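Welcome! Let's look at this structure together and ask how its labels are earned.

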Amino acid sequence: LRINRLIEMPRGSGLLVGVGGSGKQSLTRLASYISRAMCFQITLTKQYNNSALMDDIRILYRNAGHKRKPTTFLFTESEI
């Protein structure tokens, strides 16, 4: 999997572009599982606001930066 190579690279990042339903999110989750990286995705609710976003980013930074855990930040077009 090419996505797996991106995830396993030091400071690796990628942008997947394609038509809806082509499996971008599923393949990213699979590659994250294969490389033993934590998959982090924001879940939006009606009460989601700026402080909730900052809390989510704080958790992401704590795991990826301070605890040095391999992390995949999955961000889809519905979260924009």
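**One helix and its salt bridge**

Q: What makes Arg 58 partly exposed rather than buried or exposed?
A: This is a predicted model, and in it Arg 58 has a relative accessibility of 44%. Buried means under 20% and exposed means over 50%, so Arg 58 counts as partly exposed.

Q: And why is Asp 55 called partly exposed?
A: Its value is 37%. Partly exposed covers what lies between under 20% and over 50%, so Asp 55 counts as partly exposed.

Q: Why is the pairing of Asp 55 with Arg 58 called a salt bridge?
A: The closest N and O atoms of Asp 55 and Arg 58 are 2.6 Å apart. The cut-off is within 4 Å, so the pair qualifies as a salt bridge. A search of the whole structure finds one salt bridge.

Q: How are Asp 55 and Arg 58 placed in helix H3?
A: They are three residues apart in H3 (residues 50-66), so about one helical turn separates them.

Q: How do you know that the span of H3 agrees with its 17 residues?
A: At 1.5 Å a residue, H3 should span 24 Å. The end C-alpha atoms of H3 are 23 Å apart, so the two values agree.

Q: Which residues of H3 are buried, and what helps to cover them?
A: They are Asp 56, Leu 60 and Asn 63. These residues cover an arc of only 70° around the axis, so they lie on the same side of H3. Their cover includes strand S1 (38-41) and strand S2 (71-74).

Q: What does the face of H3 turned away from its buried side carry?
A: That face carries the exposed residues Asn 50, Tyr 61 and His 66.

Notes: Residues numbered from 1 in each chain as written. Predicted model: local features only at pLDDT ≥ 70, side-chain atom pairs only at ≥ 80, totals over all residues. Heavy atoms only, no water. Salt bridge = Lys/Arg side-chain N within 4 Å of Asp/Glu carboxyl O. Helix = DSSP H or I, 4+ residues; strand = E, 2+ residues; numbered from the N terminus. Buried < 20%, exposed > 50% of the residue type's maximum accessible area, 1.4 Å probe, protein only. Expected span 1.5 Å × (residues − 1). Arc of directions from axis to C-beta. Contact = heavy atoms within 4.5 Å.
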